[in-house]
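Please look over the structure shown below and then read the briefing that follows, which begins with one residue and afterwards turns to a pair of helices and to the chain.

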Amino acid sequence: MFGMDNPVKVLNQLRHYVTDGRLEIAEVMAEELTNLLLSEKKKTIEHQELLVLALRDHANILEIRQKWKKSLDAAKRLKKEERTLVAIRAKNGIPTTAEQTLLKLQDQMQMGRLFLQCNKMRKAINCFSVVANTGHIEAHLLSMEAHEKCKGSLKKATKVAKALDKALEVSGPLSHEENEFVLISEIGLKTSYQNISSSFERWLQPSSGLNSNVAENLAKRLASLNSQKVAIESGEQAANARLQSAIDSLQPAVDYHEYSQSSH
């Protein structure tokens, strides 16, 4: 079915269906493709790579369709096959690229989201923590949301809230990309300012149960982001954080005017 003799063609076709919003047929195709590739006894590295891509697409489609348990099963299998692919690449002397590392972190975030949908708070937070260690603010936000969703309040979320505060302290400046304000981690994972702002609006309310000292610190972080947003909108701050950093690096390390005065 679906011309499974050409897996690459099938993968491209199901992605077209996703783009067109035809998720039901895309799901069927993704499931058939992954089953076919999983059934192969001895896979080439190319087919193992295709299997990882197909499993990732299948998990994503299922998540979009809110089939949480099935998506989680696909995500777990994806993690297993990713490990196999890494081992095959290492055996063939093929290094892991930055893009592949980024995809693995995004897969980890997805698994955390799916555990959260299944009300498995601890497993969700464990997944988010792996990515949070790279400085990705979204992972910290989702750890907070895990407490909020599964416990009904943030009374016991002090540890993850402090981690969020610390991450925001060292995060780069706000950027404006594609009509959206974002924070970008060192490895390129983006967090929407709007997501941060709307989450903080809930969490900074006394009714949230968040520790008052931590709430005060987070309020300061939000105020700083708000100030940066205003500065970008008024043109006082570069819209792109990386560009701002590059500009700053061009500033002379020595104040030559002051140096010439002191030399007389």
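In this predicted model, Ala223 is found in helix 10, which covers residues 212–234. Ala223 has a relative accessible area of 39%, so it counts as partly exposed, because that class lies between the limit of under 20% for buried and over 50% for exposed. Although Ala223 and Ser197 are 26 residues apart along the chain, their C-alpha atoms are separated by 9.7 Å.

**Helix 5 and helix 6**

- Helix 5 (residues 98–117) packs against helix 6 (residues 121–132) at an angle of about 160°, and the axes of the two helices are 8 Å apart.
- Because angles over 145 degrees count as roughly antiparallel, helix 5 is roughly antiparallel to helix 6.
- The crossing in which helix 5 passes helix 6 is left-handed.
- On the side of helix 5, the contact includes Leu105, Met109, Phe115 and Leu116, while helix 6 contributes residues including Ala124, Cys127, Phe128 and Val131.
- When the residues of the contact of helix 5 with helix 6 are divided by character, ten are nonpolar, two are polar and two are charged.

**The chain**

- The chain contains twelve helices and three strands, and of its 264 residues 40% are buried.
- If one takes the contacts in the chain between residues at least 6 apart in sequence, 61% of them join residues at least 24 apart.
- The chain exposes an area of about 15,200 Å², of which carbon and sulfur atoms supply 50%.

Technical notes
Residues numbered from 1 in each chain as written. Predicted model: local features only at pLDDT ≥ 70, side-chain atom pairs only at ≥ 80, totals over all residues. Heavy atoms only, no water. Helix = DSSP H or I, 4+ residues; strand = E, 2+ residues; numbered from the N terminus. Buried < 20%, exposed > 50% of the residue type's maximum accessible area, 1.4 Å probe, protein only. Contact = heavy atoms within 4.5 Å. Areas by Shrake-Rupley, 256 points an atom, 1.4 Å probe, with all protein chains shown as cover. Axes fitted to C-alpha atoms, helices over the stretch in contact; angles between N-to-C directions. Parallel < 35°, antiparallel > 145°, perpendicular 65-115°, else oblique. Left-handed = near helix turned anticlockwise from the far one by under 90°. Nonpolar A, V, L, I, M, F, W, Y, C, P; charged D, E, K, R; others polar.
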